[in-house]
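Q: I would like to go through this chain with you. Could we begin with the overall layout and then turn to the details?

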Amino acid sequence: MIIDRTNKRILALLEQNARLSAAAVGREIGLSRPAVQDRIAAMEQQGVIKGYHAETDERAGLTHAVLFVRIAERPCDRALRWLASLDGVAAVASLSGETDALVTVALPSVSELAALNDTVAASPLIASSLSQVVLKRLTGV
């Protein structure tokens, strides 16, 4: 599937707010609702859009953190997939530079974050990991 400029605009809008209606997306980019629906359906079918998620605020009481990970083996794909499979992991981004991956997590408690840190550190796939608790999250800025 070709991801043209219009599809990229649709994806950017959905990343900001996955609950936008096709009509609202269409108004924003100048397409009809059916045209937007067709494009979204095609991107879902091709796996470009893999799913939708709920974004929570601080009142939910979740512990949010990021892990800066250096991977012990190349290629990194196996380690990246393993990290993404761990409970509490919301996203894994592969990076260039000294840090190989940025792992975003949301867990019910700090003790569960500590357990996740221990799991990651004990893996032979991981050379090192540094976690930091997120103090405040802003969206749409």
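Q: How many helices and strands are there in the chain?
A: This is a predicted model, and its chain has 5 helices and 4 strands.

Q: Which pattern do they follow along the sequence?
A: Read from the start of the sequence, the pattern is α-α-α-β-α-β-β-α-β.

Q: And what box do the C-alpha atoms fill?
A: Along the principal axes, the box is roughly 50 × 40 × 25 Å. Of the 141 residues in the chain, 26% count as buried. The accessible surface is about 9400 Å², and carbon and sulfur atoms account for 51% of that surface.

Q: What share of the contacts comes from residues 24 or more positions apart?
A: Taking the contacts with a separation of 6 or more, 62% are between residues 24 or more positions apart.

Q: Let us turn to the sheet. What is the order of its strands?
A: The order is E2-E3-E1-E4, in an open sheet of 4 strands with antiparallel pairing. E2 and E4 (126-133) are the edge strands, each pairing on one side only. From one strand to the next, the twist averages 20°.

Q: How many bridges join E3 to E2, and how many join E3 to E1?
A: Strand E3 (residues 101-107) is joined to strand E2 (residues 89-94) by 5 bridges. On the E1 side, 7 bridges link E3 to strand E1 (residues 63-71). Both pairs run antiparallel.

Q: Which residue in E3 is the bridge partner of Ala-91?
A: That partner is Thr-104. Thr-104 also has Val-66 standing opposite.

Q: What lies between E2 and E3 in sequence?
A: E2 and E3 form a hairpin, with 6 residues between the two strands. In the turn, Gly-97 has a positive phi of about 100°.

Q: Which strands does H4 lie across?
A: Helix H4 (residues 77-85) lies across E1, E2, E3 and E4, and its direction is at about 160° to E2.

Q: Now the interior. Which residues have the most contacts inside the largest nonpolar core?
A: They are Val-69, Ile-71, Leu-83, Val-103, Val-105 and Val-120, in a core of 19 residues. At least two residues of this core come from each of E1, H4, E3 and helix H5 (110-122).

Q: What is Val-120 in contact with, leaving aside its neighbours within four places in sequence?
A: Val-120 is then in contact with Leu-67, Trp-82, Leu-83, Leu-86, Ile-126 and Ser-129.

Q: What lies apart from that largest core?
A: Another core, of 10 residues, lies apart from it; Ile-10, Ala-22, Val-36 and Ile-49 are among its members.

Q: Ala-22 is in H2, I believe. Which residues of H2 are buried?
A: In helix H2 (residues 22-29), the buried residues are Ala-22, Val-25, Gly-26 and Ile-29.

Q: Why do they line one face of the helix?
A: Viewed down the axis of H2, the buried residues fall within an arc of 100°, so they line one face. As a general point, an α-helix has 3.6 residues a turn, so residues three or four places apart point the same way.

Q: What covers that buried side, and what sits on the face turned away from it?
A: The cover over the buried residues of H2 includes helix H1 (5-16) and helix H3 (33-45). The face turned away carries the exposed residues Arg-27 and Glu-28.

Q: Finally, which residue just after H2 takes a positive phi?
A: Gly-30 does, with a phi of about 85°.

Notes
Residues numbered from 1 in each chain as written. Predicted model: local features only at pLDDT ≥ 70, side-chain atom pairs only at ≥ 80, totals over all residues. Heavy atoms only, no water. Pairing = 2+ DSSP bridges. Axes fitted to C-alpha atoms, helices over the stretch in contact; angles between N-to-C directions. Contact = heavy atoms within 4.5 Å. Core = buried A, V, L, I, M, F, W, Y, C linked by side-chain atoms within 4.5 Å. Buried < 20%, exposed > 50% of the residue type's maximum accessible area, 1.4 Å probe, protein only. Areas by Shrake-Rupley, 256 points an atom, 1.4 Å probe, with all protein chains shown as cover. Arc of directions from axis to C-beta.
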